[in-house]
Structure formats: C-alpha cells, structure tokens
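Could you walk me through this model in my viewer, stop by stop? I would like to know what to select next and what I will find there.

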Amino acid sequence: MKAAETGAQAPNSLIFDTPEALASHVAQLDQPIAVQGGGSKAGIGYPVDAAPVSTLGLAGVTYFEPKEFVLGARAGTLITDLQAVLDEHDLILPFEPIALGGEPTLGGVIATNLGGAERESLGAPRDNVLGAQYINGKGELLKAGGRVVKNVSGYDIPRGLSGSWGTLAILTEITIKVLPKARAVAQTGEGLDAVMASPFVWRLSLPRDRAGDIAAAWPGVMAQQWDGALLWLGGEAEALQGRDIHALAAAAGGHALLVQSPLEHRRHNPCFQPLSDGNIALHRLLKRAFDPGGMLNPGRMYEGI
Amino acid sequence: MLNMPSPSSAVLARRETIASDLRQLLGDDELLITSANELKGYETDGLACYRTVPMLVALAETTEQVAAVLKYCNDNGVPVMARGAGTSLAGGALPQLDTVVLGLSKMNEILDVNTENKTAVVQAGVTNKNISVAVDDLGLFYAPDPSSQIACTIGGNVAMNSGGAHCLKYGVTTNHILGVKFVTMDGEIVEIGGQAYDLPGYDLLGMIVGAEGQLGVVTEVTVRLMDKPEAARPLLAGFDSALDAGACVAAIMATGRTPVAIEFMDRPAILACERFTGAGYPVEAQALLIIEVEGSEAEIAEELAFVEGMARDHGAISLRVAEDFASAENIWKGRKSAFGAIGQISPDYLCMDGTIPVTKLPDVLEQIYAIGARFGFEIANIFHAGDGNMHPLIMYDSHRPGVLDEVEACGAEILKVCVDAGGCITGEHGVGIEKRDHMPLMFSPAELNQMKEIKRQFDPQWLLNGGKVFPLEEDGVPAGQVVPGRAAA
C-alpha cells in the first residue's frame, strides 16, 4: 500500500494494488474507513471522519467482449479511460456519468447510482450492472451476478450495492452492459453548468406530473432532465421560500439529494432524503447483513449508515 | 429427487389452533382453506413433478391481512409462503407440509394508471397480461412478457424477476418496477419507491425483486409503462441445422442492431408447436428463429431487410414474414404455448433455464444434444436466443421408476455447461427448489453465506418460503425426512 499522490483524494489515503490486499486490510480493521474512488462526489453526504482508503489502485479492464457488449473493469478505472477503450469499438457506456468535479471512476458511478440525462432511454447505472466483485465489512472478497444480461441466480446483490455509497461494501470490479454508439441519444440537461456554479445544488427526482409546480416556483437557476422528471436546482440558500427541499420533494412523491453544499452545512444537515421509520429499518437490516461492524463509510448517508 | 426440510411436528400439532387464530385474523371464514380437497389445489406449481399439500391456505384481500398473517406466523414460528398464480417452473411456489400458503390471487385490482408519469399501481395478484390489457387504449403496455403472462401475477414476477421474449429489447422485471408496498415478516408495511424514476437511499427494490419472496411479501407494485410501438412484425427463418441458426443469432447480436425478440426452436419443438397451433412454422427445418422487429412501417421494412440478409448469409432455407396482425398473433401463440405443446408429445418434461453468452450458442447447443444422447433423453430447445437464455426441455416418462433422478442428473450437466461457458444456472425462472442444489456451481460458500445473511436479517427464523434458493445442508436445515415428490399424472 502507498499514499495516493494524485486525484481528488484526501491526503494520506491508502491505496492498494489488488482486491486481495484491500480485502485483507479491511479484515484487520478495528476502526472505520472512508472509501473513496475519484472523489468527484466527495461533497455529497455527511463527512465521514475516518481513515481514507482509495480504490484508485484497482484499475484496468478485466474482461471485454465487444460482440457480447459486455465489459468488466476494476472499480478504480477512470470513466474517461473506459470511454477511450469503448470508443475504439464504436461502443458507449449505457449511462451518462455525472462529473461533479474530479475524475469519476466506474466504482463511484455504480456505488452512487447517479445517472445523467438518459434515464428514460438507456437506464440508470444500476440497470446495466451484470456482476460485481466486492469486499464486505468483514473483509471477505466475494462476487455476485455474472457476465450475462439475464441472470436470476440468487439475490441481486450487484443491484443492491448500486447506490449504497460504499456503506455496504467496497466494489472492486464491476461487469456492465455497454451499447453500440448507434443507439446513443442526444443529451439534454441544458443549463447544468450554471446550476453547478451555485453554492447549493439539489437534485430532485420527481413524478413527472408533480415536477412542473416545483420547477415553476424555484427562484434560482435550474436544469431539467428526464423529460421534466429530474430537476437540478441551484441557489444561494438551501431552502425554497423557507421550505425544506427534502420535505417539498417528499410531498410531491419524490426525493431530493443535496449534491453540492458548503462542508460546514453538510456536517449538520442531511444530504440524503430522510426516510420513513419502516424504510430506514430495512436499510439497517442490509447494513448489518453486509457490514455488521459498521466499518465502511459509517454515517455517510444516514445515522449509522 | 430433491430433499425437503423436515416439517415441524410442533407446528403440525398446533394446526387446529393456528387455523382458528388465522380465521379470526382474516375476519372471514371463507378466506381460510382447511379441507384436504381444496388444499390439494395448492400442492404444486409449474414444476409439477414435486407436490406437497400445505397445512393451510390463507387468502388475503388486503395488505393489512397480509401483515396480520405474517406477524402471526413470525410470533408463532409458523412457516409461510406467498403464492400468486403458482406458475413457477422452478418450484418457487411449492409449499411444505407445515406451510401456511398466503394466497394473493384475490388482490387483483389495478389501483391507478397515470398517463403523464406512464405508471400503473396494481395489486400483487393482477396478472401480467391484464396490466397491458388495461392500458392498451392509452397506447401503453407493460414490457416484460413471460410466456405464462395470461396466468402469472405481477407479485410472482417481482419475486422471481421474470423475463420473457421481448425482454431482449426492453429489459426484465427489475428494470420496470418503480415501487412496491412491502410487508416485513414482523408485519410492518413499508412503502418503497413510487412514481419517480429512482429511489432515495439503498436500492431496496433491487434487493427485493428476484429474492424469490424470501425477504417479505409484496402486496402492491408500481410498474413503469412503455409506449406501444407503432407496429411489430415477426419473421420466421428456417435453417437445416441448429448450429447455423445459433450462429445467425450470434451474428445479428454482434451488430448491435437488437431486434425486439429473437426466439429459437429446434426440430422437436417446431413439430410439437405446429401440431398444437398450426402457426405455419417450417416443418422441414431443423431449427427456426422467430425474429421480431418493430417501429414505423419504414423502420420495419429496413430492419426486416437487414435480418433477412443475415438469415440468408447463415444458410436459411426458408423465410416468411407475418402477412398481417392475425398471422403475427398466431406465430407468437405458437411460441408462447410451446411448453404446453411439448406436453402433448411427451408425458413429462423438465425445463432448464441456463443463460450463456450468445457467441457460445452453437457450441453449447452441440454439447446439450450430446448430453441428451448420452442419457438417452430427447431434448427440445425453445428459448430466448437473443440474450442467450436457453430452455432445453428434457422429455421423459415419469412412470419409469427412478427416471426423475436421471433427468435431474442430465439437467445438472447442462447447467454446468452453461456456467463453464461463462453463463449462469437460471436466466429468468429463478432458483426455487429446482436449482437450489446447483447454486455452488456459481457461488462459493462465503458468497452464498452473504446472501443468506440478508435472508437472516429480514427473516431471522427463516420462516418465509424456506427450503429454497440455498442448498439445505448449507442452511443447517436438517435434510432429515424427505417429503416424497410425486411425478405429474
């Protein structure tokens, strides 16, 4: 292991060359760790006060069958590197990653399931995950899923880990479906750059029939995607006319994620949509199933999760 | 012959008390089935070679009843299993002697259709086909289409993450579920997801869809609807070798121009289906591809020309495009009743469900025929070729003593070939009991244990749909008394 020298990494981030070495490190932990990829989404969630561990040492394509449209790569592989590999075969990623500054990795895109403009036509990152190798909180290096699109052999752990923000397991390798360029769809999301220039940025995923009212009422800068069902709201303060954005999104039947905010704000306010007691109880069951000791990114999403 | 967990004699001894308690919870005597005659209707599913009459059947009409039954079973250590239409080909709805079957078929209402969001909220017992029928006038449809779609329920589809012929283009169940009403084993009712395209927090839908009804019971489902294509047209391409047809599929898929469906049938399947439905399949062919394209008339013409060219290049001996809507319907009717058609020519069959990378199709087909020949079974192949999801049907006669063991051994070899080719043991039917003991082909003990740890967290007493998905020895469930499966009549 060595300290990371590049990327948007916390200083002194530990970096490993093989999944086995990282697994062995996790197995011996007696203190929690903060899991990082390219750090492009480091500004989302409660700050995790723990020793940083990087996946950037786990890089490279491990399996590529262009005729099957299937690609496997280590989690720390940069999205830009994957795009270059795919480009040579006239292929594209089946989701549009969102770069919020820094260089996103494949692992980071899947772990956050933050997709871009094309959810309606091409699916979210999670829709295109076929298999994963991962390290659970006990330091076991495991695999789930496989390399074929149709696969219901056992619980769908690769999808369950999508969007878990490194709090259930550390993804070390991911197999995804890729697409021919011919099926690429023009991107929308006009105005996103202006939104991102704001100190506070919210991402609201809403029922389409309720999104218009919220969009119309927003006083700041805004971008719309998914044919109006996804709103990016930028502003100076976190609330809209004194109302809590999470509550506003929930009242409309959707949810909100604070994707950009000052560090001091994030320490004391949730970025992730607060959940019902019943729903958070299910989150705790999954957390206990994968990371019973609470070693991985504890508290990044919710209290203890 | 698969082993079943020993039924709990303590639970069986309390049968009368449990029945009386459940009657009270359901609030309507008609909703609890106790007579041996009626219970027999719940003894099996689409894997009819295994049969066990359950202890009791509780028919739920509301989510609150489901919650009450689950909480009761949890508090009293009673095994329980949700059942939709009972069409599982993997024994996913097979009860055990001490099981309370929680029947959801009465929960069959479509609660809401939202054309702007393109969603429908339906109860778990609504059939797959009825969702599409209900929104047909609106120009919408629900895309995943298992062959059993006339009978199978959306709740069962969610449990098994079902696929279907048109999933090649549209994706499987998990890609089309936006929300569920989920009842936990301790009777909590939790709303997950809804009308938005994605979820806050963990991907609980991803975990629940395909967990084979082992984590909780889903009573309502919010599905995503799609715009109906302007038109669709199937093409029949006959080949004089199964290997040519397999190579044609691989070549079409490699271009990235994905048709909406590519279905494969070999000679035994062609003959059986033609006899059954008279759909006009080429009876002289050794293998048949049904390739469907869709879009505007111009798009259809262009795609058909491309597909026809590919078929000719791979030695197609006959090509026929459906002339009209009725003939297209008939072509699909033949395909979707294929399992029934095989039932007409063979007393029994076991349907496998392995998936392989499409480029391996010709090679794996050859190996499957060789395995069948070695065991002395005729095998018909009917499957979703475009995504490599194979359905070899091993034909047998259950009246011959010991034959089920031989059939299962033959099936096990086929699944091993699929896994060795880079595929998996089940593409869309689920593990159930049928492939339970083959899970170690794909997963290490630690990997299985991680899945089981999820189950343990959601259902610590392992009461919900137990005896499935995981090999018994691994669960610590004593294999003990074997519940004898009885072959289909």
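Begin by selecting B:Ala254, which sits in helix H9 of chain B. This is a predicted model, so please read every value on the tour as computed from predicted coordinates. Is B:Ala254 buried, exposed or partly exposed? It counts as partly exposed, because there are 16 C-beta neighbours inside 10 Å, and a residue needs 20 or more to be called buried. Now add B:Leu2 to the selection and draw a C-alpha to C-alpha distance: the two residues are 252 apart in sequence and 39 Å apart in space.

**The nonpolar core**

Keep helix H9 in view and colour the largest nonpolar core, which has 250 residues. Helix H9 (residues 242–254) of chain B gives the largest share of this core, eight residues. Which members touch the most other members? They are B:Leu102, B:Val249 and B:Leu289. As a general background, nonpolar side chains tend to be buried together in soluble globular proteins.

Centre the view on B:Leu289. Leaving out residues up to four places away in sequence, B:Leu289 touches B:Ala237, B:Ala245, B:Cys248, B:Val249, B:Ile262, B:Glu263, B:Phe264 and B:Ala385. One of these contacts, B:Val249, is also among the three core members named above.

**Helix H13 of chain B**

Next, select residues 338–345 of chain B, which form helix H13. Its buried residues are B:Ala338, B:Phe339, B:Ala341 and B:Ile342. Look down the helix axis: these residues cover an arc of only 155 degrees, which puts them on the same side of H13(B). To see what covers them, show helix H10 (267–277), helix H12 (325–336), strand E16 (348–351), strand E17 (379–384) and strand E18 (392–396) of chain B, which are included in that cover.

**Two residues with positive phi**

Move on to B:Trp462, in the loop between helix H16 (445–458) and helix H17 (472–475) of chain B. Its phi is near 55 degrees, a positive value in a residue other than glycine. B:Trp462 is buried, because 20 other C-beta atoms lie within 10 Å.

For another case, jump to A:Asn113. This residue is not a glycine, although it has a positive phi of about 45 degrees. You will find A:Asn113 in the loop between helix H3 (106–112) and helix H4 (119–122) of chain A. With 23 C-beta neighbours inside 10 Å, A:Asn113 counts as buried.

**Back to the start of chain B**

Select B:Ser8, in the segment before helix H1 (9–13) of chain B. B:Ser8 counts as partly exposed, with 16 C-beta neighbours inside 10 Å. Then add B:Asp98: the two residues are 90 apart along the chain, yet their C-alpha atoms are separated by 6.4 Å.

**Zoom out to whole chains**

Show chain B as a cartoon, and you should find 17 helices and 18 strands. The radius of gyration of chain B is 22 Å, close to the 23 Å from the globule rule for 489 residues, so chain B is as compact as a globular protein of that length. Its C-alpha trace spans about 70 × 55 × 40 Å along the principal axes. Of the 489 residues, 58% count as buried. Among contacts in chain B between residues at least 6 apart in sequence, 73% join residues at least 24 apart.

Switch to chain A, where the secondary structure comes to ten helices and 15 strands. What does the domain assignment give for chain A? It gives domain 1 (1–186 + 277–305) and domain 2 (200–260), and the C-alpha centres of these domains lie 26 Å apart. Of the 305 residues of chain A, 57% count as buried.

**Last stop: where the chains touch**

Finally, show both chains and select the interface. Here 57 residues of chain A are in contact with 60 residues of chain B. On the chain A side, the elements that give two or more residues are strand E9 (141–145), helix H5 (157–161), helix H7 (208–217) and helix H10 (277–290). H10(A) supplies the largest share, eight residues. Colour the chain A side by residue type, and it divides into 22 nonpolar, 20 polar and 15 charged residues.

Notes. Residues are numbered from 1 along each chain as its sequence is written. Chains are lettered from A and ligands numbered from 1 in the order in which they are written. This is a predicted model: local features need pLDDT of at least 70, side-chain atom pairs count only at pLDDT 80 or more; totals for chains, interfaces and linings use all residues. Two residues are in contact if their C-beta atoms, placed from the backbone, lie within 7 Å. Helices (H or I, at least four residues) and strands (E, at least two) are DSSP runs, numbered from the N terminus. Ala, Val, Leu, Ile, Met, Phe, Trp, Tyr, Cys and Pro count as nonpolar, Asp, Glu, Lys and Arg as charged, and the others, Gly among them, as polar. Domain bounds come from an automatic or database domain assignment. A nonpolar core is a set of buried Ala, Val, Leu, Ile, Met, Phe, Trp, Tyr and Cys residues joined through C-beta atoms within 7 Å. A residue is buried if 20 or more other C-beta atoms lie within 10 Å of its own, exposed if 12 or fewer, and partly exposed in between; C-beta atoms are placed from the backbone. The radius of gyration is taken over C-alpha atoms; the globule rule is 2.2 Å times the number of residues to the power 0.38. The arc is that of the directions from the helix axis to the C-beta atoms.
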